[in-house]
Structure formats: structure tokens, C-alpha cells
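Trainee: Got a minute? I'd like to walk through a structure with you.
Mentor: Sure, put it up and ask away.

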Amino acid sequence: LFYLALGGPVLALAYKTVNTLDSMVGYLNDRYRDFGWFSARADDWANLVPARLSGLAVALGAAVAGLDWRSALRVMLRDARKMKSPNAGWPEGAAAGALGVQLGGPSVYFGEVVEKPTIGDPVRPLAVSLYDEAVRLLYAASCAALLLSALLRAALT
């Protein structure tokens, strides 16, 4: 939405190309290292502003959805930089704070356990009962992102 608002369909497609290349070959393993490093870095740069705006949209969505928007902002600002990715922690931290959960920790990739940093506070245990709140947060944050994008587009015209 950010790039669509900023430069229309052409810039949105250019962004999606960078994003898709990162998903396909942006791994820092031996097979893709020589080719994938560029797409990984380009994706990092392309998402620098949108990731932070997404975190703000999640916090705004939390306020609209009746969730803890203050904690969303606090956790986002505190924990976003813990992630290896310069961008993933912003919306993830806001969501964890809004829901009062802790995300991260041990994860399995290609059959190997990888210890990842934790994001958020374990105020509430992760449970299926949080699903409805997470979906409500998703819809509210999506509407907030659409609103932010419309404001950006209006400011540019």
C-alpha cells in the first residue's frame, strides 16, 4: 500500500518484484549467497519506511479494536531491533504488545532449531482463544494502513 500510494501501480509492482526476489533467493546460504545478497538488502531498504508505518498501523488498529495500543507502541519501540531483520520486529512487536503475548524463541528451519529473540511480554499465554482478537487486530490494522496510505496519496497530490 505504501508504494502504491507513493508511486501508483508501477512503483507497487517494482516493490513487489524486489520483495518476491528476496522470498525466492534472498537466503544467506551457500547456494544463494552470490546472487541472493542483493535482493535481501534491496528488500531491507525497500521495507525500511513501510515496516515502521505498519507497526504504527497495528498500534492504531489495536486502539480501534479495543486492544492495548499503549503496550503495542511500547513493545514495538523496545523490541523491534532485536530481530535479525531490520524491519520484521516493528509490526511483530506492535502485534505482540497489542495482544499481550510473547513471540519468538526457538523455531525450526530446514529441520534445524534456531534460537530467535523474544518479542513482547508473556502477559497472556499463546492460545487458540487469542485467534479472534488477532483477526480483529488484523482487520483494524489493515483499515488503519489503508487510511495512512490514502493520507499519503492525498498529501502527494
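**After helix 5**

Mentor: Start right after helix 5, where Gly100 follows with a positive phi, near 70 degrees. Keep in mind that this is a predicted model.

Trainee: OK. Which other residue, one that isn't glycine, has a positive phi?
Mentor: Phe110, with phi near 50 degrees. In general, most residues other than glycine have a negative phi.

Trainee: Where does Phe110 lie?
Mentor: In the loop between strand 1 and strand 2.

Trainee: Is Phe110 buried or exposed?
Mentor: Phe110 has 76% relative accessibility, so it counts as exposed. The cut-off for exposed is over 50%.

Trainee: Back to helix 5. How many of its residues are buried?
Mentor: Eight of the 11, so helix 5 is largely enclosed by the rest of the structure.

Trainee: Which ones are they, the buried residues of helix 5?
Mentor: Gly89, Trp90, Gly93, Ala94, Ala96, Gly97, Ala98 and Leu99.

Trainee: And what covers them?
Mentor: The cover includes helix 3, helix 4 and helix 6, along with strand 1 (102-109) and strand 2 (112-120).

Trainee: Take helix 4, then. At what angle does it pack with helix 5?
Mentor: About 140 degrees, and the axes are 7 Å apart. Helix 4 and helix 5 are therefore oblique to each other. Their crossing is right-handed.

Trainee: Which residues make that contact between helix 4 and helix 5?
Mentor: From helix 4, look for Ser71, Ala72, Val75, Met76 and Leu77. From helix 5, look for Trp90, Gly93, Ala94, Gly97 and Ala98.

Trainee: How many of the residues in the contact of helix 4 with helix 5 are charged?
Mentor: None; seven are nonpolar and three are polar.

Trainee: New topic. How many residues are in the largest nonpolar core?
Mentor: It has 21 residues, and Leu67, Ala98 and Leu137 have the most contacts inside it. Helix 3 (48-64), helix 4 (69-79), helix 5 (89-99) and helix 6 (131-156) each give two or more residues to this core. The largest share, five residues, comes from helix 5.

Trainee: Why would such side chains gather like that?
Mentor: In soluble globular proteins, nonpolar side chains tend to be buried together.

Trainee: What does Ala98 touch, apart from its sequence neighbours?
Mentor: Leave out those within four places in sequence, and Ala98 is in contact with Ala62, Leu67, Asp68, Ala72 and Leu137.

Trainee: Next, Ala65. Where is it?
Mentor: Ala65 sits in the loop between helix 3 and helix 4.

Trainee: Buried or exposed, that Ala65?
Mentor: Buried, with a relative accessible area of 12%. Under 20% counts as buried.

Trainee: So what does Ala65 touch?
Mentor: Not counting residues up to four places away in sequence, Ala65 touches Arg136 and Ala140. Ala65 and Arg136 are 71 residues apart along the chain, yet 6.3 Å separates their C-alpha atoms.

Trainee: Last one. How do helix 1 and helix 2 cross?
Mentor: Helix 1 (residues 2-25) and helix 2 (residues 33-46) cross at roughly 145 degrees, and their axes come within 8 Å. This crossing is left-handed.

Trainee: Which residues of helix 1 and helix 2 make the contact?
Mentor: Helix 1 residues include Tyr3, Tyr15 and Val18, and helix 2 residues include Phe35, Gly36 and Ser39. By class, the contact of helix 1 with helix 2 has nine nonpolar, three polar and two charged residues.

Definitions and conventions. Residues numbered from 1 in each chain as written. Predicted model: local features only at pLDDT ≥ 70, side-chain atom pairs only at ≥ 80, totals over all residues. Heavy atoms only, no water. Core = buried A, V, L, I, M, F, W, Y, C linked by side-chain atoms within 4.5 Å. Buried < 20%, exposed > 50% of the residue type's maximum accessible area, 1.4 Å probe, protein only. Helix = DSSP H or I, 4+ residues; strand = E, 2+ residues; numbered from the N terminus. Contact = heavy atoms within 4.5 Å. Axes fitted to C-alpha atoms, helices over the stretch in contact; angles between N-to-C directions. Parallel < 35°, antiparallel > 145°, perpendicular 65-115°, else oblique. Left-handed = near helix turned anticlockwise from the far one by under 90°. Nonpolar A, V, L, I, M, F, W, Y, C, P; charged D, E, K, R; others polar.
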